[in-house]
Structure formats: C-alpha cells, structure tokens
Amino acid sequence: MSFSLRLVALMLVAVPAGAVLAQSAVPPAKPGSAQAADERERIGVERKAEELRYSARRAQCYQRFAVDDCLNAESRLHRETLDGLKRREAVLNDAERRQRGEDALRRIQDKQANPPARDLPQERDRNRQAQQDREQRNADHAASRAATAAQASQRRQQFEDRQKAQAEKAAERAQRRTQDAAERERYERRQVDAEQRRTDAQRRNAERPKPPAAPLPDPAVKP
C-alpha cells in the first residue's frame, strides 16, 4: 500500500461515516487501467477504515446516555457507507464486463475481417507431414499399449501356472500325509492284534488242564 493510501486510511478512521460516504462519489475509472486498480485499492482501504471507525464509534456509544439510539445511528451510517463502497465496486465490475465483451466482439470482427490466407503448397505439405506424424505416433502408442497388455497377460498366465503347480504339490503332500497316516494306523492295528493273539494264547495255555504226573518207580522192583 502506498503512503497516500495509508494516509487516506488514517483520515477515514478519524472522520465520521457521513464524510466517508460523501467521498465515495468518484468518477468511474477505465477498466484494466492503473486508475481502476487504484480505485479498487482505495475501496479496500476505505472499507477497512470504516470497520475501524465503526468499532471505535460503537465503543464511544457505550459512554453516552442514550446507548441504543447511538448504536442504531452508527449501524445505519455503517450500512450506508458499505453500500456506497459496494456501488463503487459494482460500477468497476460492470465496466470490466463491458470491456471484456467489447474485446471479445472486436476479436471476432478482426477475425472475420482478416480471414486466414489460402493454403499454399508448402503449407499443405507441412500439414500432410504433421498428420502423418500424428498417425505414426498414434500407431506407435497403440502398438506399445498392445505389447504392454500382452506382457501383462503373459505375466498373469505365468503367475496362475505357478499358483496351480503349488496347489497341486500341496495336494500331493497332503495326500501322502493321509496315506502315511493310514499306513501307520494299519501297522499299529496289526501290532495290537498280534499282541492280543499272543495274550489270548498264553491265557488258553494257562487255563488248559495239565496231565497227572507219572508215578515214581518202586525201588524194590529191579529192572
């Protein structure tokens, strides 16, 4: 912010709102010019100064006897001042919109008044070469995308093949473990059966009646 604008801010804080409102009547600035930029900056400075002035005057109202009347009067002046600043901004905005419309219309008229020159053989050759280059780039991009898709499909198939081989190996290992467990169970069952047969045979032998013992020879009888 320039020194003059800072001075304006200090002066606006010191003056009442009616004086600020009276200062808002400035001639419209040309859109896009330094004068318009300065006007926008002045509006911003005055708005900030008005806010400071309004806060200060409201604080002074609380020191008076008729507080509500003072506050209402200051609020009314505050609104009027801000409305005046908004009207000045609206004038700038309308001028800028009109200027943009005029510029766009002028460009259209210039284009209509100065149509492009007819194509020369050199220009046609350049356009044809540019078109061929674009088509070649498109073909190269399509081939690259196709190669990338093929590589991705190949990698996906290789991954699926590895997964399938690992699943088959895991199934084979699980089947072998099941078979080994069944073999161990049959072996243990045979051992139990053999032991049971031995136990039964020993029990039967123990329960079988023994034949009477042969009498001892008579010592008086000589052989």
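Helices (H or I, at least four residues) and strands (E, at least two) are DSSP runs, numbered from the N terminus. Keep that in mind as you click through.

**Before you start**

This is a predicted model, where local features need pLDDT of at least 70, side-chain atom pairs count only at pLDDT 80 or more, and totals for chains, interfaces and linings use all residues. Residues are numbered from 1 along each chain as its sequence is written, and side-chain values use heavy atoms, with hydrogens and water left out.

**Stop 1: helix α5**

Select residues 121-207, which form helix α5. Now pick out Asp-200 and Arg-203. They are three residues apart in α5, so about one helical turn separates them. Their side chains meet in a salt bridge, 3.0 Å from N to O. A salt bridge here is a side-chain nitrogen of Lys or Arg within 4 Å of a carboxyl oxygen of Asp or Glu. Side chains of opposite charge can pair when their charged atoms come close.

Are these two residues buried or partly exposed? Buried means under 20% relative accessible area, exposed means over 50%, and partly exposed is in between (1.4 Å probe, protein chains only). Asp-200 has 18% relative accessibility, so it counts as buried. Arg-203 has 41%, so it is partly exposed.

**Stop 2: helix α3**

Select residues 34-61, helix α3. How far apart are its end C-alpha atoms? They are 40 Å apart, which agrees with the 40 Å that its 28 residues should span at 1.5 Å a residue. The expected span is 1.5 Å times one less than the number of residues. The buried residues of α3 include Glu-39, Ile-43, Glu-50 and Arg-53.

**Stop 3: the nonpolar core**

Add residues 67-113, helix α4. Show Ala-36, Ile-43, Leu-82, Leu-85 and Leu-92: these five residues make up the largest nonpolar core. Such a core is a set of buried Ala, Val, Leu, Ile, Met, Phe, Trp, Tyr and Cys residues joined through side-chain atoms within 4.5 Å. Helix α4 gives the most to this core, with three residues.

Center on Ile-43. Leaving out residues up to four places away in sequence, Ile-43 touches Leu-85, Arg-88, Glu-89 and Leu-92. Contact means heavy atoms within 4.5 Å.

**Stop 4: charged pairs between helices**

The structure holds 15 salt bridges. One of them joins Arg-88 and Glu-39, at 3.0 Å from N to O. Arg-88 lies in α4 and Glu-39 in α3, so the pair ties together parts that are 49 residues apart in sequence. Both residues are buried. Add Arg-42 and Glu-46 to see a network of salt bridges that links them with Glu-39 and Arg-88.

Next, select Glu-74 and Arg-53. Their salt bridge has its closest N and O atoms 3.0 Å apart. Glu-74 is in α4 and Arg-53 in α3, 21 residues apart. Both are buried.

**Stop 5: His-78**

Select His-78 in helix α4. With a relative accessible area of 9%, His-78 is buried. Which side chain makes a polar contact with that of His-78? The side chain of Glu-50 does, at 2.8 Å. A polar contact is a pair of N or O atoms within 3.5 Å; within protein, one must be able to donate a hydrogen and the other to accept it, and residues adjacent in sequence count only if both atoms are side-chain atoms.

**Stop 6: the disulfide**

Finish at Cys-61 and Cys-70, joined by a disulfide with an S to S distance of 1.9 Å. The cut-off is a pair of cysteine sulfur atoms within 2.5 Å. The structure holds one disulfide. The torsion about its S-S bond is about -65°, so this disulfide is left-handed. Both cysteines are buried.
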